[in-house]
Amino acid sequence: MSEAVRNPAGTGSVEDTWSALPAGQQPEWPDADALSAVVSELRSYPPLVFAGEADLLKERIAAVARGEAFLLTGGDCAETFAGVTADAIRAKLKTLLQMAVVLTYAASVPVVKVGRIAGQYSKPRSKSTETRDGVTLPAYRGDSVNGFDFTPEARIPDPRRLLRMYQASASTLNLVRAFTTGGYADMRQVHAWNQDFVAGSPSGERYELLAKEIDRALQFMRACGTDPEEFRTVEFYAAHEGLVLPYESALTRVDSRTGQPYATSGHYVWIGERTRDLDGAHVEYFSRIRNPIGIKLGPSTTPDDALAYLARLDPEREPGRLSFIVRMGAGMVREKLPALVEKVRGEGHEVAWICDPMHGNTFEAPSGHKTRRFDDVLDEVKGFFEVHHGLGSHPGGIHVELTGEDVTECVGGGEEIAFGDLHDRYETLCDPRLNRSQSLDLAFLVAEMLRNR
């Protein structure tokens, strides 16, 4: 791990370049002095991650872009401070590890494991206010900004929550590192969890053959006396949307090895669909940091837009630097994605193409709940694979909102959650997530796609 030090004031910091530009989706902080005090305090805190870790992830994503690896990103739509418990973190990690084992075997390439975790406390909103029964209050923007309770006190943006975000992220990272290096992530144990899932899943018969193949492979290696260290620990990285720029800027550090700035709030950060203005503050900030980064591209993205993002965010064409996370919707991905891929490849760019099958498939159920159909999620992934296979390019990964809990937020899947079931355990504060069973259903079905390449 490399040492990282704070950039001294007045030496051309990242903050100096973005702060004069329009910044979308920022909270309306009522007290500028209080925000300045919080930012100053955050600047004195240690980094949450290190530049050397981010560089290693960049190498892994470069392999994804070359077609030599697959990227799995998953976790909460929006983390909550109340959710920083060992049980909740372990459940999310367990689900991601189970998915990764299945995908690794099916793809026969390494799976890069990244969690929407330890920083995903901020959310963009379609409206800045929310109205209930004639009362209008600021919209909930995530626990890093304000509270979910619909009261004037809770909804006032409070910069001190950014300090809680830092502490919650640090606690989460400590637990994740302990779980991934302390034996919990042992591949044989994770496979045993998958065997239990297959045995008890309504759609388990479909997956039984693959599970048995993995079991035989592990038994063969054990019989040969092979017990690699890689079976007992895993590389796991933390990612979030870099939305609240005062927080991201306050945790930007200059790496002592290279003199380059890194976001130390997470290994990987991305620009959202609502903040990808080429002339805006987010693109400017991201252009300055040296982490691996992503940008969400919706159906309105043109091929020329894609090239403009590449020119701005990856002018040196650095391997692993930039990922395009496409979120077209099941009904649009086959129509919109090919032109983007062809244009980017035609210009000689090698980026990691990642499918976000969640955000383009959200709708309101008859009960008023925001939800997603599992079949739509799966169909967008199928369309993503079909486009890349048709063009001879690499479908590099999936980016999914999920939880390790047995929630009822998305309809369908092996357990056939119906509209009438949504109220049973609808626990998300923002967007609906796949539960553990649906997430593993998705992993096995993506595994089938990978094997049929």
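Two residues are in contact here when heavy atoms of one lie within 4.5 Å of the other's. Keep that in mind as we walk through this predicted model.

**Two helices that meet**

By that rule, Val101, Val102 and Tyr105 in helix α4 meet Leu210, Glu213, Ile214 and Ala217 in helix α8. Helix α4 covers residues 86–107 and helix α8 covers residues 204–223; their axes are 11 Å apart and the packing angle is about 80°. Angles of 65 to 115 degrees count as roughly perpendicular, and α4 and α8 are therefore roughly perpendicular to each other.

Now look at another pair, helix α12 (residues 333–346) and helix α13 (residues 374–391), whose axes come within 9 Å and cross at roughly 40°. Angles from 65 to 115 degrees are the perpendicular class and those under 35 degrees the roughly parallel one, so α12 and α13 are oblique to each other. The crossing of α12 past α13 is right-handed. Among the α12 residues in this contact are Val333, Leu337 and Val341, and the α13 residues include Phe384, Val387 and Leu391. Charged names turn up on the list too, including Arg334 and Glu342 in α12 and Asp379 and Lys382 in α13.

Here are the two helix pairs side by side.

| Helix pair | Crossing angle | Axis distance |
|---|---|---|
| α4 and α8 | about 80° | 11 Å |
| α12 and α13 | roughly 40° | within 9 Å |

**A strand in the middle of things**

Helix α4 has a second role in our tour: β2, α4 and β3 make a right-handed β-α-β unit. Strand β2 (residues 70–75) pairs with β3 in the parallel sense, over six bridges, and Thr73 stands opposite Val114 of β3. Strand β3 also runs parallel to strand β6 (residues 237–241), joined by three bridges. Val114 appears here again, with Tyr237 as its bridge partner in β6.

Is strand β3 buried or exposed? Six of the six residues of β3 (residues 111–116) are buried, so the strand is largely enclosed by the rest of the structure. In a regular strand the side chains alternate between the two faces of the sheet. In β3 both faces are covered: Val111, Lys113 and Gly115 are buried on one side, and Val112, Val114 and Arg116 are buried on the other.

Helix α10 (residues 281–288) gives a similar picture: seven of its eight residues are buried, so α10 is largely enclosed by the rest of the structure. The buried ones are Ala281, His282, Val283, Glu284, Tyr285, Phe286 and Ser287.

**A hairpin and some positive phi angles**

Strands β7 (residues 252–255) and β8 (residues 261–263) pair in the antiparallel sense over three bridges, with Arg253 opposite Tyr262 in β8. Together β7 and β8 form a hairpin with five residues between them, and Gly259 in the turn has a positive phi of about 75°.

Which residue has a positive phi of about 50° although it is not a glycine? That is Arg317, found in the loop between α11 (303–313) and β11 (322–326). Arg317 is partly exposed, with a relative accessible area of 42%.

Glu416 is another non-glycine residue with a positive phi, near 50°. Its place is in the loop between β15 (397–401) and α14 (436–451). Exposed means over 50% relative accessible area, so Glu416, at 58% relative accessibility, counts as exposed.

How values were computed: Residues are numbered from 1 along each chain as its sequence is written. This is a predicted model: local features need pLDDT of at least 70, side-chain atom pairs count only at pLDDT 80 or more; totals for chains, interfaces and linings use all residues. Side-chain values use heavy atoms; hydrogens and water are left out. Buried means under 20% relative accessible area, exposed over 50%, partly exposed in between (1.4 Å probe, protein chains only). Helices (H or I, at least four residues) and strands (E, at least two) are DSSP runs, numbered from the N terminus. Two strands pair if DSSP finds at least two bridges between them. A crossover is right-handed if, with the strands pointing away from the viewer, the path from the first strand over the helix to the second runs clockwise. Axes are lines fitted to C-alpha atoms, for helices over the stretch in contact, and angles run from 0 to 180 degrees between N-to-C directions. Angles under 35 degrees count as roughly parallel, over 145 as roughly antiparallel, 65 to 115 as roughly perpendicular and the rest as oblique. A crossing is left-handed if the near helix is turned anticlockwise from the far one by less than a right angle, and right-handed if clockwise.
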